[in-house]
Structures are given as C-alpha cells and as structure tokens.
Amino acid sequence: MTSLPAVLITGASSGIGAVYADRLARRGHELVLVARDKARLDASAARLRETYGVEVNVLQADLTAQSDLATVEARLRDDTRIQILVNNAGIAQSGDFLQQSAVSIDALIALNATALTRLAAAIAPRLVQVGAGTIVNISSVVGLAPELGMSIYGATKAFVLFLSQGLHLELSPKGIYVQAVLPAATRTEIWERAGIDVNILPEVMDVEELVDAALVGYDRRELVTIPPLHVAERWDVLDGARQGLLSDVRQAHAADRYRHQA
Ligand SMILES: NC(=O)C1=CN([C@@H]2O[C@H](COP(=O)(O)OP(=O)(O)OC[C@H]3O[C@@H](n4cnc5c(N)ncnc54)[C@H](OP(=O)(O)O)[C@@H]3O)[C@@H](O)[C@H]2O)C=CC1
Ligand SMILES: CC(=O)[C@H](N)C(=O)O
C-alpha cells in the first residue's frame, strides 16, 4: 500500500481549516495542524487520531509573528513527509477603509498575504526537487469584486488568486499542483471575529459543503475552484477576457487616447 503524503494546514483550529483537517484525515493523510489556539488544536488532533487512526501533529504558531512564521517555514522546508500545504489561515476586515489603523492593516496583510506567500515559498523548492506536491491557497470571491466591500481584505484575496495563477504557471511544469479556492460567505467564526453578524447575510454556505466542494475541485486538479459559482462558464469568460488583454497591452507606444492633442 502506498502511504499518502502528510498535509500541513494553517488555520486548522476552526472553520474551513478544521473541516479540511477532518476530510484529509478521513482520506488517510497524516496532518500537521497550525494555529494559535493550542488547546483547540490538541482537542481536534485527539479526535482525528481516535476517529481515523492517522498521525496528527500540532504546531502552535501566530503566523503574524516573525519567529513563529520562521518555525513553520522550517517545518515545511525540512519535514519531507509533508507534500501538501493548505494555506488557509486568514482574518477578515473589521470596518471600512477609513476605519483601519496601521496595526489592523499590518495584521491583515501579514497573515492573509505575507505568511501565505512565505509558507508557499518555504515548501516549493523541496516539492520541485521531488517533482510532486500540492499547494492549496484559500482566496475569496471578495478578491474578484471590490463592490463586495472590504477593500484591504479583498486586495489580499486578489493577491492570493494572482499568486496562485503565477505559481501554477511556474510550478505545474515541475510537477506541482496549485489550487486557489474562492469561497463566498461561509458560516465560520471569521465573521464574529470581525464583528459582523453572519445572520444578516442573504446567502451563507455551510462550511462542510464548502470544503467538500473544494475537494471535488482538488480531485479534478482545477487551478481555480469557486464552489458558490453555479455557472462555471462565467469564470471562463472572465479569465478568457483577461488573457485576451495580454497581446493588446504589450505595446511600444501609448494608445491614441493618451497622446497630447496639438
Ligand atoms: N468564512 C467565509 O465566509 C470565508 C472565508 N474565507 C477564507 O477562509 C480562510 C479560513 O477562514 P474561516 O475558516 O472562515 O475562519 P475562522 O475564523 O473559522 O478560521 C480562521 C483560522 O485562522 C487561524 N488564525 C487566525 N489568525 C491567525 C494567526 N495570526 N496565526 C495563525 N493562525 C491564525 C484561526 O485560529 P487561531 O485563532 O487559533 O489562531 C483559525 O484556525 C480565511 O483565509 C478566510 O479569508 C474566504 C471566503 C469566505
Ligand atoms: C470572510 C469575509 O469576511 C469575506 N467577506 C469573504 O466572504 O471572504
């Protein structure tokens, strides 16, 4: 029997990350669970060991703290059993742009963008060396639409989508699978943590349904998985239009409309 690779999941103490942990343990993967709340991670690890008989390790880390981030990076660089990274930890934005403090801006970008990128960069060279492995990055539909509010949060999620597309281009020829998952509103603690009552939102997906759908996309080796998008062609049209711009924007001269009128 071939043994499955181990998976490191960030933000595994609750919500989407906790359900990924359950589903991947059920599939027989060993896990490394990362988050700040060690008691919660320990409880979850004990349940997963008991239920699925897999090895589950806990790595307590605040991914916005440099020393903790370095510890998780080192684990990803050195632990050759880990061949799948689920880059899930994230926080939402509390309040609009004018209400943001320097501290809240730093925390949002440090966790949602910097830590996610650093962890992908820590594992990628090792995966490339063996020519196999997976990086799953949790983005959001908010990253597609400033109209949904949360400008800074959305910008971090647009960053995650862009990064995933770039990593796919660079790493898939070297045997690495990269997936960007774009949930819409999903019933987790992220809303309460951001001071938002999730019950006022019109459509909210259950977290198990979200993760199970994301894993269908994962099994199909999709680059971009948008579980709430019912008309898949809408994404194809959007991405096709973006790609259509490429030849148009590579020009040595400014467009006529930007030329000074004599
Ligand atoms: N729920 C939703 O509607 C949507 C969520 N997403 C994305 O899904 C991802 C998971 O969020 P979700 O499950 O909803 O929210 P939760 O709040 O339930 O989970 C967030 C996880 O991240 C961890 N975390 C938070 N801050 C840190 C930190 N500084 N260092 C390490 N871990 C941290 C939390 O654990 P702990 O507190 O123990 O550290 C927790 O495990 C996020 O990236 C989010 O942006 C995307 C679209 C929609
Ligand atoms: C979790 C959020 O706050 C955000 N609106 C999202 O849907 O990604």
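A compact globule of 262 residues would have a radius of gyration near 18 Å. The protein has 19 Å, which agrees. This is a predicted model. Along its principal axes, the C-alpha trace spans about 75 × 45 × 40 Å. The protein holds eight helices and seven strands. Of its 262 residues, 37% are buried. Take the contacts in the protein with a separation of 6 or more: residues 24 or more positions apart account for 65% of them.

Start with one residue, Ala6. It sits in strand S1, which covers residues 6-10. Is Ala6 buried or exposed? A residue counts as buried if 20 or more other C-beta atoms lie within 10 Å of its own. Ala6 has 20 such atoms within 10 Å, so Ala6 is buried. Which residues touch it, beyond its neighbours within four places in sequence? One run is His29, Glu30, Leu31 and Val32. Arg81, Ile82 and Gln83 are also in contact with Ala6. Val56 makes another reference point for Ala6. The two are 50 residues apart in sequence. In space, their C-alpha atoms are 9.2 Å apart.

Now turn to the ligands. Around ligand 1 there are 29 residues. Those that come nearest are Gly11, Gly15, Arg36, Asp37 and Gly90. Two elements give two or more residues to this shell: helix H1 (15-26) and helix H6 (190-193). H1 gives the most, with three residues. What is the make-up of the shell around ligand 1? It divides into twelve nonpolar, eleven polar and six charged residues.

Ligand 2 has its own surroundings. Ala92, Ser140, Val142 and Met150 are among the residues around ligand 2. Ala184, Ala185, Ile190 and Ala194 also surround ligand 2. Seven residues of this shell are nonpolar and one is polar. The shell around ligand 2 has no charged residues.

End with helix H8, residues 232-249. How far should its 18 residues span? At 1.5 Å a residue, the expected span is 26 Å. The end C-alpha atoms of H8 are 27 Å apart, which agrees. How many of the 18 residues of H8 are buried? The number is zero, so H8 lies largely in the open. Ala6 makes a contrast here: Ala6 is buried, whereas no residue of H8 is.

Methods: Residues numbered from 1 in each chain as written. Chains lettered and ligands numbered in written order. Predicted model: local features only at pLDDT ≥ 70, side-chain atom pairs only at ≥ 80, totals over all residues. Helix = DSSP H or I, 4+ residues; strand = E, 2+ residues; numbered from the N terminus. Buried ≥ 20, exposed ≤ 12 C-beta atoms within 10 Å, placed from the backbone. Contact = placed C-beta atoms within 7 Å. Near = placed C-beta within 6 Å. Nonpolar A, V, L, I, M, F, W, Y, C, P; charged D, E, K, R; others polar. Expected span 1.5 Å × (residues − 1). Rg over C-alpha atoms; globule rule 2.2 N^0.38 Å.
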